[in-house]
Amino acid sequence: MIGVDIVGIADKLGAAADTATAIPQLAAETGLDVDTAYAVQAALLQRRLNAGERLVGLKMGLTSRAKMAQVGVDEVIWGRLTNAMRVPDGGAVDPAAYIHPRVEPEVAFLLDRLPEPGEPVGDFATAVRAVAPAIELIDSRYADFRFSLPDVIADNTSAAAFVIGPWSPVPAGLDNLGVLLEVDGRVAQVGSTAAILGDPRRALDEGIRLAGRHGVRLESGWVFLAGAATAAVPLRPGAHVRAVVEKLGTASLRASS
Ligand code: OOG
Ligand code: MG
């Protein structure tokens, strides 16, 4: 789109993340459309690469009705993950480093041999080496966690941090596993992997297709987050968070107080 200051917008979003300070929504004012928003997202990644971070994977967003309803946007989106966003399983994050952090239960894939761009994933167990329970910490850089579709895409789909639990070999079925999000030992959200596009394996097809439209090819060794199965919950100081996925186990995270 002519006349949109892609790098300028990326700098505003990057500074909002760096300083944990919310900014007003910007898509309506700057005339951002979806394609330009992905260009802003690429510029945000470049900012991180310039700071020495590495691209380690891709995340899907709004692959479940629960998430779409929570944020009022009903299109599947994708964003980029870097090594600096990864928190070890059981590790701690400082909630004060974020604006209004929320956590959500996810299923992660460790990518292996992917099809050529434009080709569907034939054999899932060839494309994916292992699967794991995961937690995503999302933090919209926009005030009140409110945004339009181009806003959230430009903001790297609210990506902030993620935890991957133990990897397991790909099980026979992934389409109807129970999912729990626990905070301080209490169940905060209940769901099923069926909420993720009917089957989280479909999220990989969507990721390959949607990222491919913007010239991004998924790579062997990347982490892939299929999207939350339930709505996200606010991360409070001192909270202990666990995501439990049936057959896959648990990922956990602590918030310092
Ligand atoms: C957008 C990111 C959505 C998911 O798993 O659906 C997402 C947001 O909710 O702020 O990561
Ligand atoms: Mg997510």
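1. Start with the ligand. A polar atom in the side chain of E106 lies 3.0 Å from an oxygen atom of ligand 1. Keep in mind that this is a predicted model.

2. Two further side chains reach the ligand in a similar way. In K67, a side-chain N or O atom is 2.8 Å from an oxygen atom of ligand 1. In E104, a side-chain N or O atom is also 2.8 Å from an oxygen atom of ligand 1. How much of the ligand's own accessible area does the protein cover? The protein covers 100% of the 320 Å² that ligand 1 has on its own.

3. Where does ligand 1 sit? Ligand 1 occupies the largest cavity. Look for it there when you turn the model.

4. Now the shell. Ligand 1 is surrounded by 17 residues. The closest are K59, L62, K67, S158 and A228. K67 therefore deserves a second look on screen: it is on this list of closest residues, and its side chain has the 2.8 Å pair described above.

5. What kinds of residue make up the shell around ligand 1? Eight are nonpolar, four are polar and five are charged.

6. Four elements each give at least two residues to the shell: β1 (55–61), α4 (65–71), β5 (102–111) and β6 (128–138). The largest share comes from β1, with three residues.

7. Next, the open sheet. Five strands build it, in the order β4-β13-β12-β8-β9. The pairing is mixed. Which strands stand at the edges? They are β4 (92–93) and β9 (186–192). Each has a single partner strand, so one side of each has no neighbour in the sheet. As background, strands of a sheet pair through backbone hydrogen bonds, either parallel or antiparallel.

8. Begin at the β9 edge. Strand β8 (residues 178–183) pairs with β9 in the antiparallel sense, over six bridges. You can trace two of the residue pairs. E182 has V187 of β9 as its bridge partner. L181 has Q189 of β9 as its bridge partner.

9. β8 and β9 also form a hairpin, with two residues between them. In the turn, D184 has a positive phi of about 50°.

10. Move one strand inward. β8 pairs with strand β12 (residues 240–245) in the antiparallel sense, over five bridges. Here L181 appears again: its bridge partner in β12 is A243. L181 thus has partners on two strands, Q189 in β9 and A243 in β12.

11. Carry on from A243. Its bridge partner in β13 is A251. Six bridges join β12 to β13, and these strands run antiparallel. The two form a hairpin with three residues between the strands. In that hairpin, K247 takes a positive phi near 70°.

12. Finish at the other edge. How do β4 and β13 run, parallel or antiparallel? β4 and strand β13 (residues 249–255) run parallel, joined by two bridges. V93 stands opposite A255 in β13.

Key:
Residues numbered from 1 in each chain as written. Chains lettered and ligands numbered in written order. Predicted model: local features only at pLDDT ≥ 70, side-chain atom pairs only at ≥ 80, totals over all residues. Heavy atoms only, no water. Near = heavy atom within 4 Å. Polar contact = N/O pair within 3.5 Å; in protein donor to acceptor, adjacent residues only side chain to side chain. Areas by Shrake-Rupley, 256 points an atom, 1.4 Å probe, with all protein chains shown as cover. 1 Å grid on protein atoms, 1.4 Å probe; cavity = no way out; pocket = protein on both sides within 12 Å on 5 of 7 lines; lining within 4 Å. Sits in = over half its atoms within 2 Å of the grid points. Nonpolar A, V, L, I, M, F, W, Y, C, P; charged D, E, K, R; others polar. Pairing = 2+ DSSP bridges.
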